[in-house]
Structure formats: structure tokens, C-alpha cells
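Walk me through this model, please. Keep it brisk and give the cut-offs as you go.

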Amino acid sequence: MKHFLIIIVLFFSLNHLDAQNQPNELQTTSKLALAYYNANDFEKAAPLLLEVYNLSKNNYYFRLYLNALLETQNFEEAETQIQNEIKKQGTPNPEFLIHHGYVLKAQNKLKEAEEKYAEALNKIQANKGSILVAANAFTQWQEFEWAKKVYLKGRKEIPQEQFNYELARAFLYLRDYEQMMEEYLNLIRQDEKQIQRVQSALSSAMRIDVDDGLRDRFRSQVLRRIQAEPSVIGYNRLLIWFFLQEKQFGGALRQSLALDRRTGAEDTQIFQLGQMALNNKMYDEAERAFNYLVDKGEEAPLYVPAYVQNIHAAYLRYTTGDEESQTDGLELAGKFEHSLEMLGYSAGTLGLISDYAHLLAFYLDDTEKAISVLKKGLEIPRLKPEESGMLKTEMADISVFAGDPWEATLLYSQVIDANKNNTLGDEVKLKKAKLGYYMGNFSWAKAQLDVLKASTSKLTANDAMELSMLIGNNLNLDTTAVPLQMFARADLLFFRNKETEALATLDSIAEIFPYHSLTDNILFRKAKIEIDQNNFETAAEYLQEITDNFSYGLLADDALFMLAELFNYNLDEKEKAKELYRMMLTRHPGSVFTEESREKFRELREIYPDVLTSPEEELFIQDSIPDEFN
């Protein structure tokens with residue numbers, strides 16, 4: 001009896017070990033098989049793939065096995081293995097009949113292949129799973145016309161399953177964009193919840209649509225559907241999505257406003273469109289969106305934020321516009337005053353308060369009133385450290401503007417102490433270090449800037465590094481620090497909106513210290529001043545000189561990116577801007593501006609396709625941003 005028990009225990013132990021070893025063997029063999037397959041070593045891959053299939057019974061490996069045989073033109077073995085599998089099944093599996101048909105086609109036996117495909121189609125059972133498996137088998141062999149036939153058969157035999165999404169994919173592969181769009185639109189008509197799925201599929205399709213044929217067809221088909229079936233809201237939402245992909249904020253806004261007049265529920269979308277337009281410097285569209293929401297009345301849920309953003313859009317238009325007339329500035333100040341009287345001083349109007357104070361001080365030269373506005377804002381109860389810090393930072397900036405660096409230093413220090421664990425703290429540390437630089441405390445400023453180079457904010461770290469290197473590279477080159485002192489003075493004059501005096505100071509450095517290492521910095525500062533004065537062509541000339549003659553300097557990427565932005569937004573030479581963004585990617589892949597340049601290059605290339613792009617360059621541009629810049 002004891003011996004019998006030992007035998008039983010050993011039997012089950014061996015079975016258990018065998019069960020444990022089998023998955024390990026399967027995993028090892030499959031990895032080796034796929035390694036050979038991916039290396040195009042099909043002769044070694046084929047027997048291993050067959051072994052994996054026999055162990056796992058996973059049809060994926062059988063298809064790879066067949067493909068390996070076809071690559072080595074071992075047609076006889078492929079047919080033999082398929083027939084063996086069909087014999088084991090008893091009733092032929094349509095998937096294996098499809099495999100057989102493709103093996104025949106690979107031997108140019110086209111009539112026999114078509115007969116085998118037709119046999120497979122006839123044997124597909126009338127259930128969703130069988131339809132999907134068979135269609136996938138055809139798709140894997142790139143027999144898209146037959147995959148379409150499978151889905152149409154499924155639609156006929158299983159009326160409750162229309163297979164719209166699957167048919168649309170088949171039509172995409174067949175480049176039948178019109179029928180593809182019809183299926184997607186039918187799907188949205190049946191179930192609007194499918195819209196995100198359709199959008200994702202269309203986005204992928206449009207990326208491979210090199211001649212823009214799909215875009216034109218999409219627009220016309222959706223508009224026809226909207227006119228023919230106005231009750232299907234999903235069509236409107238799909239068209240709005242399309243306009244946003246094309247950066248056509250005007251079209252998206254028109255559709256959203258029309259939709260809101262029917263549903264009354266598009267406020268959030270309209271507000272977001274206004275924000276997008278604002279971020280893209282399209283102030284007319286932004287104000288149109290916010291005005292619409294404001295006109296809904298004070299009871300509307302987004303009335304206050306829309307009102308605030310509407311004033312902010314007007315402020316940005318004024319401060320970045322072609323002309324900054326005193327009359328327009330006073331009119332805008334009146335709007336701020338009225339807005340704050342109506343909405344009150346609260347946490348929700350902090351943006352208004354800050355913009356209003358900046359306008360008063362930096363553009364209307366009324367620092368006293370600007371400070372009083374900010375002080376009133378600081379009296380708002382229960383402000384968070386970041387909120388009060390934002391107002392104090394603006395107050396400190398105004399103190400610098402007014403020529404009171406000691407008051408500015410005190411205010412900057414208060415903000416830093418209250419915001420040690422957020423990005424505002426680092427931003428204000430940079431401002432304080434810059435103030436030290438303006439005042440000629442170069443060694444102290446550089447020490448602060450060197451610490452800030454490790455900031456979590458990329459822009460803060462980048463600005464700190466540039467100013468630190470500017471000081472370090474120019475402080476000890478001469479027996480005197482006069483050139484750097486003059487340059488810092490010019491920077492301070494520029495900050496205080498005294499552009500004419502700043503330009504005169506920069507010109508003096510160039511005259512007194514020709515060929516100084518500050519030359520590219522002088523050109524860059526001049527470009528910024530000219531941009532501030534809306535002299536965009538002159539600014540472009542300075543930036544082009546940096547790009548041509550100082551391409552390996554510290555400011556090379558800044559100058560090139562700024563030049564691209566000028567051509568994109570101010571000089572309206574989009575194709576030139578596209579090439580400059582491309583140049584950013586190839587010349588300065590590690591720049592802080594790389595991600596934004598890649599995004600804008602792709603947007604412009606949609607409008608202005610490349611005549612010819614090498615595969616290597618295309619791969620580089622499509623590549624993801626390196627981890628350290630994510």
C-alpha cells in the first residue's frame with residue numbers, strides 16, 4: 001500500500017512539472033521563432049512556428065508559418081499542412097480555406113484561389129464571431145475585396161449587426177473613401193456614442209491621405225448629411241471636430257453656434273473654441289466666441305469666465321497689435337474699469353486685475369493707479385499663495401518699471417517665501433535674479449541663475465541657463481565689465497518700455513566694442529525691440545543674421561524659432577515658416593522649442609505638402625521627442 005501511494009504521488013508530481021515546463025517551452029520557442037521571422041530568416045523560422053502552433057493551437061502562428069513557407073516558395077508543404085489541418089477539423093474551417101486560397105494565389109493559380117475563397121465565404125456561419133474571424137483572415141492576406149464581401153454577407157444574414165465600422169475599414173484599405181465615409185456616417189446616425197471611435201479612425205486615415213482627397217470628400221459628404229438629416233446632431237459634432245483638425249476655428253465656431261441655437265448645450269465647447277483661438281492669436285474668433293456666451297446673460301453658467309476672457313482677448317490684441325494708440329489704450333482701460341465694477345474684485349477676476357494693472361503701468365504710464373488696483377486685489381479674502389503671489393509679482397514688475405528696485409526686491413522675496421513648492425516660486429526667483437543683473441550685481445545674479453537651471457519648468461530653466469551663460473561668457477573677457485553693464489542697462493530700458501533708449505545703448509556697445517562676444521546678443525535684443533514696435537521685417541533681418549553667422553551660438557535656436565514664428569504669424573509667409581520649423585528639428589533637436597516646432601511643422605505641412613522628403617528626414621521628423629524633453 002505504501003509503495004502504491006508513493007507511485008501515485010510521483011505520477012502527479014511529474015504531471016505537474018510537465019505542466020509547468022510546457023508554458024516555458026512554448027514561450028522560449030515562440031520568442032526564437034519570432035526572432036528568426038522578424039530577421040527574415042524564414043527557413044529557420046518555419047519549423048519553429050509550426051512547433052509553436054502545435055503547442056498553442058493559436059492560428060496566428062499558423063499564418064506566420066504559412067507566410068514563412070511562401071517566402072521560401074515551399075508551396076507543397078504549405079498546401080499539405082493546410083489539408084492536414086482541415087482533415088483534423090472534419091468540417092472545413094473557413095479560415096483555413098482562406099489560407100489555402102492565398103497559397104494558391106501565391107502560385108498564380110488565380111481561378112483556383114477564387115474558387116477556394118468563394119467556398120470559404122459560403123461556409124461562414126451566420127454569427128458575428130465567425131464573420132469577424134473570416135474577414136480578419138482575408139484582411140491579413142490583404143484580400144480587402146473579399147473581406148468586404150464577408151461583412152456584406154454578415155449584414156445580410158445578421159440584420160442586427162450592420163458591421164459599419166468594419167466595412168469602413170475595408171473601404172479604407174480599398175481607397176474607396178466615399179463608401180468609407182458613408183459607413184462611418186451611418187454608424188454615427190445609429191449611435192452617436194461611436195463618434196470618438198470614428199474620429200480616431202478618420203484621423204489615422206487622413207494621415208495617409210497624401211493628396212487630400214479624403215478631406216475634400218469628407219467635408220462635402222458631412223455637409224450633405226447635415227442638410228438631409230438635420231436631426232442627427234452627431235454629423236455637426238463630426239464637422240466641428242474636422243474644422244479643429246484643420247485649425248479652421250472660424251468654421252468650427254460657426255457650426256458650434258448653429259448647434260447651440262438648437263441644443264442650448266454647447267457653452268463649454270464654445271468657450272474652449274474661444275480659448276483655442278486665443279492661444280493661436282486669432283483674436284476676432286476668440287472675441288466672437290466669448291461675446292456669444294456673454295450675450296446669453298448673467299444667468300448663463302459661463303458668463304463670468306467668458307466676460308473675463310473677452311476682455312483678456314481685447315488686451316492681448318492691444319498689447320500685441322500693430323499700433324498701441326493712447327486713445328485705444330484709454331478706451332480699453334475704461335472697459336477694465338467697468339468690468340471690475342460690475343464683476344467685483346474676487347478670485348475669479350484676478351486675471352482682469354493683473355492685466356488692468358499691467359496696461360495702466362506699462363502702456364498708459366499710470367503706475368500709481370496700477371499699484372492701487374493691485375493693492376485692492378490683494379484685499380480679496382482667502383487668496384491662495386499663488387493667487388496673491390501673482391498680484392505681488394505684477395506689483396514688483398511695476399516697481400522695476402518705475403525705477404524702484406528695492407521695493408521690487410522686497411516684493412519678489414515675499415512671493416518666493418510663500419511659493420517654495422510651486423513653479424511660481426521659480427519664475428519669481430528668475431525675475432529677482434534678472435533684477436540683480438539689471439543692477440550690475442552679476443556674480444550674485446549668476447549664482448542664483450545656476451541654481452534655477454535645475455528648475456522643473458523647462459522655460460524657466462532655459463532662460464536661467466541663457467542669462468547665466470551670457471554673464472559667464474562676458475564678465476571676465478575684458479579688464480572692464482562695461483560692455484556687460486551697458487547691455488544690462490539696455491535690457492532694463494527695454495523692460496521699462498523705453499525702446500528708443502535701449503536701441504541707442506545697444507548701438508553704443510557695437511560702436512565702442514566692435515566684434516565683442518555680445519554681438520549676437522545685441523542682434524537678438526534689437527530683434528525683440530523691433531518686434532515690440534511691430535517692425536517685423538527689420539526684426540527678421542536681425543534674426544536671419546544670427547541664424548547665418550552665429551548658428552553655433554547660445555541664441556541660435558531662440559533666433560531660429562523666433563524667425564519661424566515671425567513668418568508664421570506676422571509676415572504671413574507660411575511656407576517659409578514651415579521650412580524654418582523643419583530647420584529647427586534638424587539643427588537643434590535638443591532645443592526647448594523642439595516639441596512646439598514639430599507640432600507647427602506638421603500643421604503647416606498639411607497645408608503646404610513637401611515636394612520631396614527623403615525617408616531618413618521623414619523618419620526623423622515623425623520621431624517622438626526624446627524622453628529628456630517630454
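Asp532 belongs to helix 28 (residues 519–532). Helices here are DSSP runs of H or I with at least four residues, numbered from the N terminus. The model is predicted, so local features need pLDDT of at least 70, side-chain atom pairs count only at pLDDT 80 or more, and totals for chains, interfaces and linings use all residues. Residues are numbered from 1 along each chain as its sequence is written, and side-chain values use heavy atoms, with hydrogens and water left out.

Asp532 has a relative accessible area of 26%, so it is partly exposed. The scale is this: buried is under 20%, exposed is over 50%, and partly exposed is in between, with a 1.4 Å probe and protein chains only. Along the chain, Asp532 and Thr320 are 212 residues apart, yet their C-alpha atoms are separated by 7.6 Å.

Thr320 is the last residue in the range of helix 17 (residues 303–320). Helix 17 also gives the largest share of the lining of the second largest pocket, namely five residues. A pocket is defined on a 1 Å grid over the protein atoms alone: it is an open set of points where a 1.4 Å probe fits, with protein on both sides within 12 Å along at least five of seven lines, and lining residues have an atom within 4 Å of a point. This pocket has a volume of about 230 Å³. The volume is the space filled by probe spheres set on the points, which are joined across faces, edges and corners. There are 12 lining residues, and the closest to the centre are Ala314, Arg317, Asp328, Leu332 and Lys335. Helix 16 (283–294), helix 17 and helix 18 (326–343) each supply at least two lining residues.

Now the rings. The structure holds 27 aromatic pairs. Rings of Phe, Tyr and Trp (its six-membered ring) pair if their centres lie within 6.5 Å; planes under 30 degrees apart are stacked, over 60 edge-to-face, and the rest tilted. Tyr37 and Phe42 are edge-to-face, at 5.5 Å centre to centre with 80° between the planes. Both Tyr37 and Phe42 are buried. Why is the pair of Tyr318 and Tyr363 edge-to-face? Their planes meet at 70° and their centres are 5.9 Å apart, so the pair earns that label. It links distant parts of the chain, with Tyr318 in helix 17 and Tyr363 in helix 19 (residues 350–363), 45 residues apart. Tyr318 is buried at 7% relative accessible area, whereas Tyr363 is partly exposed at 21%. Elsewhere, ring pairs join Phe362, Phe401, Tyr437, Tyr438, Phe442 and Phe495 into a cluster.

Charges meet rings too. The charged end of Lys281 sits over the ring of Tyr569, 4.5 Å from its centre. Arg63 lies over the face of Trp141, at 5.7 Å from the ring centre. The test asks for NZ of Lys or CZ of Arg within 6 Å of the ring centre and within 35 degrees of the ring normal.

Next, helix 22 (residues 405–418). Its buried residues include Leu411, Tyr412 and Val415. Helix 21 (385–401) and helix 23 (423–438) are among the elements that cover the buried residues.

Finally, the backbone. Most residues other than glycine have a negative phi. Asp365 has a positive phi of about 55°. Asp365 lies in the loop between helix 19 and helix 20 (367–378), and is exposed at 60% relative accessible area. Arg175 has a positive phi near 60°, in the loop between helix 9 (164–173) and helix 10 (177–190).

Key: Contact = heavy atoms within 4.5 Å.
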